[in-house]
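Please look over the sequence and the structure shown here before reading on. The report below is written for someone who meets them for the first time.

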Amino acid sequence: MPTEHSSAATPEQSAERRARQRWMSILAKAEFSDLDTLWNNLPSKPTWTVVRLPEIGMVMARGRAGGTGQRFNLGEVAVTRCAVQLEFGAVGFGYVMGRNRRHAELAAAVDAMLQTPSRRDALERAIIAPLTLRLDEKRLNRSRKAAATKVEFFTMVRGS
Amino acid sequence: MYVAVKGGDRAIENSQKLLDEERRGDPRVPELSLDQIREQMSLAVDRVMTEGSLYDPELAALAIKQARGDLVEAIFLLRAYRTTLPRFGVGEPIDTAKMAVRRRISATYKDLPGGQLLGASFDYTHRLLDFALAAGDERPVAEIAPEGVESGMQHVADILDHEGLIEREDPDDENQPVFDLTRESPRYPADRAARLQNLARGDEGWLLALGYSTQRGYGNNHPFAGEIRVGEVAVEFAPEELGFPIEIGEITVTECEMVNQFKGSAQVPPQFTRGYGLTFGHCERKAMGMALVDRALRARDFGEATEAPAQDEEFVMAHSDNVEASGFVQHLKLPHYVDFQAELVTVRALRRKAEAARAIADAAE
Amino acid sequence: MTDTIDLRPGFADPVIEAQNVFRLVLDAMARPGRIATIPESLQPPSPLSVGAAAICLALADHDTPIWLAPEFRTPSAIAFLKFHCGCPIVDVPANAAFAIANGATVPALDQFAIGDDAWPETSTTVIVQLDDLAVGDGLVLSGPGIETTHRLNARGLRVDVWGEWRANQGLFPCGVDLILVAGNRIAALPRTTTVSEN
């Protein structure tokens with residue numbers, strides 16, 4: 001099925017898109033409790049209308065044979081999505097694995113707010129940076145435990 | 001054939017109440033929470049997600065609780081639930097080379113770049129029951145290395161690839177659709193995408209036994225565990241309304257790459273061929289069985305004889321699904337009264353005929 | 001890249017409304033030429049009619065590519081369909097599960113997918129927007145789902161389409177199906193319906 005992903009974009013548009021991909025990824029991967037706490041600490045919050053009510057569905061996850069070859073359908077992942085529109089127009093999307101409706105709505109709201117240049121820096125500091133830090137910490141912690149199990153096998157001389 | 005029957009409502013209702021009570025067990029024992037199942041029965045959760053074909057640890061835990069630990073029943077529950085959800089679309093293929101690796105071993109190279117990581121494994125335990133666990137309240141603590149493992153570990157198969165000694169796994173045409181057995185009926189011969197999806201959802205016991213059968217000589221293909229890795233990968237999805245891919249979360253997967261010796265054929269020089277296994281969560285035995293069976297099912301592609309059960313694609317695929325198998329076997333419990341009455345009449349008639357024939361034979365003696 | 005396009009809302013109650021529209025389309029297909037009225041709950045971006053938009057919201061998803069006639073390819077119509085249906089918009093009519101066109105300019109019917117003998121349901125369902133749709137004089141319909149004959153007045157449809165429709169009928173079990181739409185009124189012409197022009 002043909003889909004047109006990226007039509008020709010200007011360098012600014014591509015940079016903007018990469019920035020948005022990064023924050024959407026962070027918002028989706030964050031623990032809900034972390035996002036919720038940071039959100040609650042935010043001094044000012046805009047109002048929005050929900051363009052698409054939080055909705056639970058699935059996305060089919062695919063693999064590739066041998067990691068690099070023929071695509072195949074592995075199985076579905078549960079996903080919740082939501083779309084909100086801020087008063088002044090920006091539409092934000094939340095696509096978040098799992099079934100937490102509030103997580104999807106907050107992700108959409110923050111996505112919409114981050115598209116507003118005047119708010120971006122403050123929000124990056126208040127929400128995206130701390131979430132990134134938490135995710136990195138979690139990943140590093142897992143990775144360090146794995147590193148402790150690294151082995152060197154010595155091949156013994158085979159008996160005849 | 002089974003027939004519809006009426007009545008029995010009260011008995012059925014009471015049976016279900018009894019089921020609920022027995023599921024709960026002795027009320028003096030604290031009730032299991034979903035968190036407990038998710039955290040402490042995590043490999044059961046992983047199996048239910050993989051074969052239930054829905055990645056959602058919370059729901060899998062619920063299914064296990066409701067099914068009283070009967071994993072095939074739990075898989076059925078999860079499959080039934082997934083049919084109620086809309087599908088938003090199809091994700092980009094996960095990139096296992098970018099996996100945040102927590103376990104990675106190879107039986108073919110001891111000194112592979114990036115090293116071997118045992119991770120959390122039963123492999124080197126002595127399989128002795130640990131009575132300290134029975135006492136409860138244990139708080140084990142893992143060792144923590146000063147540094148994490150390196151990211152972006154090369155696949156072992158890529159090492160052989162440099163010498164051209166291993167079959168390459170090249171991407172297919174992005175514009176072609178990928179077979180989806182949840183949307184289309186299987187057609188034989190099936191392509192590899194259809195086979196891999198079928199095996200990914202397939203029953204672990206079925207794949208384990210079939211994989212084992214290939215090792216014991218029923219379609220032997222000389223396997224080596226080239227690499228097994230477990231860890232987290234991002235799931236990327238491009239919603240139509242956005243027009244570009246975004247990461248929507250991370251899943252844990254287990255990947256197994258089997259490497260098989262191949263003598264070569266008229267068209268293909270001697271080389272190593274590959275079998276692939278991929279599961280949700282940590283399902284190592286399943287991933288290995290899947291990789292063995294994937295390779296066995298590729299016999300036709302390599303011009304090998306297809307004589308063993310594990311090489312028979314229709315046999316393997318049509319019987320791999322434990323929800324279907326369980327349904328068809330268990331439907332034998334449904335009322336077959338009319339069928340059986342008909343058989344009874346037939347057997348009685350045959351019996352009379354046989355007795356009459358014997359009487360004639362006896363009289364003749 | 002702030003998204004400021006005018007994104008019109010979809011169904012207020014997606015499940016109930018989509019099922020209602022599904023039922024109306026099903027009945028329309030079962031009784032060719034009978035007019036069904038879709039509740040006016042949508043305000044789709046022009047030139048999408050309420051009927052065409054409601055049919056898409058009820059039936060289209062990421063698995064059903066839609067082809068739009070050039071006059072329907074406005075940014076707001078495309079955004080509306082992509083957002084609410086998640087459907088890909090395709091350039092070639094033959095790749096579409098659904099197509100939307102105006103009656104006067106609908107492409108020749110053989111431009112759309114006709115399915116194949118094993119999967120005849122994979123043909124394109126063509127949604128044709130008209131000026132008006134009424135029971136009475138005009139076309140004479142007969143075939144499955146119609147007891148004797150049924151009269152339908154479909155104003156604004158290209159006249160030579162009925163020659164193509166006869167050719168389409170010859171393809172049975174393959175062939176396209178039509179859903180005629182005027183505002184929120186719809187009538188279906190499945191591939192089995194014979195049409196004569198009085």
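What follows is a short account of helix packing, backbone features, a salt bridge and a surface patch.

The model is predicted, and the description should be read with that in mind.

**Helix packing**

Two packed helices are described by the angle between their axes and by the distance between those axes. The table gives both values for three helix pairs.

| Helix pair | Angle between axes | Distance between axes |
|---|---|---|
| α4(B), residues 57–66, and α5(B), residues 71–82 | about 130° | 8 Å |
| α5(B) and α12(B), residues 322–330 | about 110° | 9 Å |
| α1(A), residues 11–29, and α4(A), residues 117–147 | roughly 55° | within 10 Å |

In chain B, helices α4(B) and α5(B) pack at an angle of about 130°, and they are therefore oblique to each other, since this value falls in neither the range of 65 to 115 degrees for roughly perpendicular pairs nor the range over 145 for roughly antiparallel ones. Their crossing is right-handed. On the side of α4(B) the contact is made by Leu59(B), Ala60(B), Ala63(B), Ile64(B) and Gln66(B), while α5(B) contributes Leu71(B), Ala74(B), Leu77(B), Leu78(B) and Tyr81(B). In the loop between these two helices of chain B lies Arg68(B), a residue other than glycine whose phi nevertheless has a positive value, near 55°.

Helix α5(B) also packs against α12(B), at an angle of about 110°, which makes the two helices roughly perpendicular. Here the contact is made by Val72(B), Ile75(B), Phe76(B) and Arg79(B) of α5(B), which meet Asn322(B), Val323(B) and Ser326(B) of α12(B).

In chain A, the axes of α1(A) and α4(A) cross at roughly 55°, which makes α1(A) oblique to α4(A). The crossing of this pair is left-handed. The residues of α1(A) in the contact include Trp23(A), Ile26(A) and Leu27(A), and among those of α4(A) are Ile127(A), Ile128(A), Leu131(A) and Leu135(A). Charged residues take part in this contact as well, including Glu16(A) and Arg22(A) of α1(A) and Arg120(A) and Glu124(A) of α4(A).

**Loops and a link between chains**

A cis peptide bond, with omega about -5°, joins Tyr188(B) to Pro189(B), and Pro189(B) has its place in the loop between α7 and α8 of chain B. In chain C, a cis peptide bond with omega of about 5° joins Ser46(C) and Pro47(C), where Pro47(C) belongs to the loop between β1 and α2.

Side chains of opposite charge can pair when their charged atoms come close. Over all chains the count comes to 56 salt bridges, and one of them brings together the side chains of Asp63(C) and Arg183(B), at 2.2 Å from N to O. This pair crosses between chains, from the loop between α2 and β2 of chain C, which holds Asp63(C), to the loop between α7 and α8 of chain B, which holds Arg183(B).

**A nonpolar patch on the surface**

On the surface of chain B, Val5(B), Tyr337(B) and Val338(B) make a nonpolar patch of about 330 Å². Of these residues, Val338(B) is found in helix α13 of chain B, which covers residues 337–364.

Notes:
Residues are numbered from 1 along each chain as its sequence is written. Chains are lettered from A and ligands numbered from 1 in the order in which they are written. This is a predicted model: local features need pLDDT of at least 70, side-chain atom pairs count only at pLDDT 80 or more; totals for chains, interfaces and linings use all residues. Side-chain values use heavy atoms; hydrogens and water are left out. Patches are made of residues with over 30% relative accessible area and no salt bridge: like charges are joined within 9 Å, nonpolar side chains (Val, Leu, Ile, Met, Phe, Trp, Tyr) within 5 Å. Accessible areas come from the Shrake-Rupley method with a 1.4 Å probe; for residues, only the protein chains shown count as cover. A salt bridge is a side-chain nitrogen of Lys or Arg within 4 Å of a carboxyl oxygen of Asp or Glu. Helices (H or I, at least four residues) and strands (E, at least two) are DSSP runs, numbered from the N terminus. Axes are lines fitted to C-alpha atoms, for helices over the stretch in contact, and angles run from 0 to 180 degrees between N-to-C directions. Angles under 35 degrees count as roughly parallel, over 145 as roughly antiparallel, 65 to 115 as roughly perpendicular and the rest as oblique. A crossing is left-handed if the near helix is turned anticlockwise from the far one by less than a right angle, and right-handed if clockwise. Contact means heavy atoms within 4.5 Å.
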